[in-house]
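New to this one? Have a look at the model first, and then we can walk through it together.

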Amino acid sequence: MNESGRRLGWLRGFVKSTVLLMGAGPMLAGCHGAGSSSAKSNTEQHAVRGTVVSADAGTGMIALHTETIPNFMEAMTMDYPLEDKAAATELHPGDKITATLECERDDAGPKNLRLKDVVVIAQARPDYKPAVQYHVPAVGDAVPDFKLLNQSGQTIGLKQFRGKVVVLTFVYTRCPVADYCPRMSRNFAEIDRALAAEPGMYAKTHLLSISFDPAYDTPKVLRSYGEAYTGKYTQETFAHWDFAAPAAADLQKIEEWFDLGVTPGDGSTLQHSLATVVVGKDGKVVAYYPTNEWTPAEVLAKMRAAVA
């Protein structure tokens, strides 16, 4: 089941990567991270997903039924002001959205709750055709043979791994917050070690970390990053785990196919969502995780089933 994501304004991503941070995300917490706060302002950011109950274009307020926000709030319906009041004109009851919930906190608890970076991921009204179609990977979808440049300066594509079960995720090497890209890479390192202990599985699987920051994440940078996460450093051969990036011209279509939102943040940071996919031996999607809540054990189970 494919869905189209409608991006409001120039926004394609909604996770804030700053010096603060799938997550469970979407439920993605911002690159400030669920429950974290800025040392300077005591401002928190939390990624939310929910359904619009009502929208008032005059006041820029919406009533939103949110899903549970881990470590912050149970599922509930509340009124929120929008940072961009004009966005209310594009929202309708029944629309499903993701957004960044921003607030301050004092001894009494969170206050001054408001929403920004709103992204419509499913429309209640079918009368709008978005200019850009974001595809949500579904089980059975054939993954396109995207070309990537890996840590060894070699061009690779998903098609060359046919016959193996591939698990891929998206990162960028400068991501500063432990619960986002670093968490994906730590999880992959755990998966890699577990598979290395099972020679039969190791030979029938492959890991792929794809950077959405090709301008900075050159083969040299990716090699250094990968060596650190495998823990083998200069002894790493990358026979089982590739770190790669697409050409800048191909980045947008990859983002669209994997429903990955990426847009510039502050300084050298990026606002982004997450996507981790298990791809079967036939090149088709076995499982899709749009958050950081998945565990290595969960993905390993999917991989073993797909190998079998």
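What follows is a short tour of a predicted model, going from its cores to its helices and then to a few single residues.

Let's start on the inside. In general, nonpolar side chains tend to be buried together in soluble globular proteins. Here, the largest nonpolar core has 56 residues, and Leu168, Phe170, Ile191, Leu208, Phe212, Phe258 and Met303 are the ones touching the most other members. Another core lies apart from that one; it has 20 residues, including Val52, Ile62, Ile97 and Leu113.

Ile191 makes a handy way into the helices. Leaving out residues up to four places away in sequence, Ile191 touches Leu207, Trp294, Pro296, Val299, Leu300 and Met303. Ile191 is also on the list of buried residues in helix α1, along with Cys181, Pro182, Met184, Ser185, Asn187, Phe188, Ala189, Asp192 and Leu195.

How do α1 and α5 pack against each other? Their axes are 9 Å apart, at an angle of about 50 degrees, and that angle makes α1 oblique to α5. The crossing of these two helices is right-handed. From α1, the residues at the meeting place are Asn187, Glu190, Ile191, Ala194 and Leu195, and from α5 (residues 296-307) they are Pro296, Val299, Leu300 and Met303. It's worth remembering that residues three or four places apart in an α-helix point the same way, because there are 3.6 residues a turn.

Two of the helices can be checked for length, taking 1.5 Å a residue:

| Helix | Residues | Expected span | C-alpha end to end |
|---|---|---|---|
| α1 | 181-196 (16 residues) | 22 Å | 22 Å |
| α3 | 219-230 (twelve residues) | 16 Å | 16 Å |

So the end-to-end distance agrees with the expected span for α1, and for α3 as well.

Helix α3 has its own buried set: Leu222, Tyr225, Gly226, Glu227 and Thr230. What do those buried residues pack against? Their partners are α1 and the strands β7 (147-150), β9 (165-171), β10 (205-211) and β11 (241-245). After α3 comes Gly231, with a positive phi near 80 degrees.

Positive phi turns up elsewhere too. Most residues other than glycine have a negative phi, so a positive one is worth a second look. Asn112 has a phi near 55 degrees, and it sits in strand β6 (residues 109-122). Asp259 has a phi near 55 degrees as well, but its place is in the loop between α4 (248-257) and β12 (262-264). Is Asp259 buried or exposed? With 16% relative accessibility, Asp259 counts as buried.

Two strand residues round things off. Thr66 is in strand β3 (residues 61-66) and is buried, with a relative accessible area of just 1%. Not counting residues up to four places away in sequence, Thr66 touches Arg49, Gly50, Met73, Glu74, Ala75, Met76 and Tyr80.

Ala55, in strand β2 (residues 43-56), counts as partly exposed because its relative accessibility is 30%. Setting aside residues up to four places away in sequence, Ala55 touches Met61, Ile62, Ala88 and Leu91. Take Leu91: it is 36 residues from Ala55 in sequence, yet their C-alpha atoms are 6.3 Å apart in space.

Notes
Residues numbered from 1 in each chain as written. Predicted model: local features only at pLDDT ≥ 70, side-chain atom pairs only at ≥ 80, totals over all residues. Heavy atoms only, no water. Core = buried A, V, L, I, M, F, W, Y, C linked by side-chain atoms within 4.5 Å. Buried < 20%, exposed > 50% of the residue type's maximum accessible area, 1.4 Å probe, protein only. Contact = heavy atoms within 4.5 Å. Helix = DSSP H or I, 4+ residues; strand = E, 2+ residues; numbered from the N terminus. Expected span 1.5 Å × (residues − 1). Axes fitted to C-alpha atoms, helices over the stretch in contact; angles between N-to-C directions. Parallel < 35°, antiparallel > 145°, perpendicular 65-115°, else oblique. Left-handed = near helix turned anticlockwise from the far one by under 90°.
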